[in-house]
Amino acid sequence: MKLHHLRNATLVIETEKHVILVDPMLGKRKTIPPFTIFRYKPKRNPLVALPKNSREILSKVTHCLITHLHPDHIDKAGEVFLRRNNVSVICSSKDEKALTQRGLSVIQTLDYWEPQKFLDGKITGIPAIHGYGFIAKVMGNVMGFLIELDGEKSIYVSSDTVFTDHVQKVLTEHKPDISIVACGTARLDFGQPLLMRMDEILKFTELAPGKVFANHLEALNHCPTTRLQLKTALSDHGLLGKTVVPNDGECVEY
């Protein structure tokens, strides 16, 4: 199995039989307005271009998982890509209507904690809470995915979430081989962070039974945590050995 990290939360899961895109933010630099104006510098997003090898990787995609509707997870260019290539979309039942209205081919919808057949295995929708306190309500519904394909390592895409009992349950009871965690510590101009703080990222990594794949870094103006800061914290706690902090365009084999 290969995980291709493209940018932010956009990645491609490639197995011998399947190529699955997750959260396609595929637009050019500076095509999305700043997410924060006062707390951090009001730069337009994404801050970085897609890696040069992304076109080749994307050309193989047949299915797409969408965790939620924020533009840093599916943007206009991502929608165009999915429509043009008639890519089959899998999403939360709460997002089906919105994505269908955008002309996407939604073939399967999921409810939280209800496993369904998926390709040659199964998939389970996992609740994700996008922020601490009241900000989570403002951010709306988000779904993580536990993907278990036949003969492949299991993958937990935790998506945009803080650390919750749901997250802990997946890590300790379902024991995924690979756990993907959003590490940018995003914040808007108001409210608390939208993603795990560093202490929770470390807790997540410690509890994860297998390998950890860190993303949602250095691509958006409201995500201050850098790869170097994350690696330093992981190293200080003896957790860097089980964690990959990929660069944009990097392919990690498991």
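**Exercise 1.** In this predicted model, decide whether Lys60 is buried or exposed or partly exposed, and then find the residue with which Lys60 forms a salt bridge.

*Solution.* Begin with the relative accessible area of Lys60, which is 37%. Buried would require a value under 20% and exposed a value over 50%, so Lys60, at 37%, counts as partly exposed. Next, look for the partner: Lys60 forms a salt bridge with Glu14, and the closest N and O atoms of the two are 3.5 Å apart. Then place both residues along the chain, where Glu14 belongs to strand β2 (residues 10–14) and Lys60 to the loop between α1 (54–58) and β4 (63–66), so that the pair, 46 residues apart, links distant parts of the chain. Finally, turn to the accessibility of the partner: Glu14 is buried, with a relative accessible area of 16%.

**Exercise 2.** Determine where Arg83 and Glu79 lie, and which residues are linked with them in a network of salt bridges.

*Solution.* First, the side chains of Arg83 and Glu79 meet in a salt bridge, with an N to O distance of 3.7 Å. Second, both residues lie in helix α2 (residues 76–84), where they are four residues apart, about one turn of the helix. Third, Glu79 is buried at 6% relative accessible area, whereas Arg83 is partly exposed at 38%. Last, the network of salt bridges links Glu79 and Arg83 with Arg102.

**Exercise 3.** Find which residue forms a salt bridge with Arg227.

*Solution.* The partner is Glu218, with the closest N and O atoms 3.1 Å apart. Arg227 is buried, its relative accessible area being 10%, while Glu218 is partly exposed at 32%.

Note on methods
Residues numbered from 1 in each chain as written. Predicted model: local features only at pLDDT ≥ 70, side-chain atom pairs only at ≥ 80, totals over all residues. Heavy atoms only, no water. Salt bridge = Lys/Arg side-chain N within 4 Å of Asp/Glu carboxyl O. Helix = DSSP H or I, 4+ residues; strand = E, 2+ residues; numbered from the N terminus. Buried < 20%, exposed > 50% of the residue type's maximum accessible area, 1.4 Å probe, protein only.
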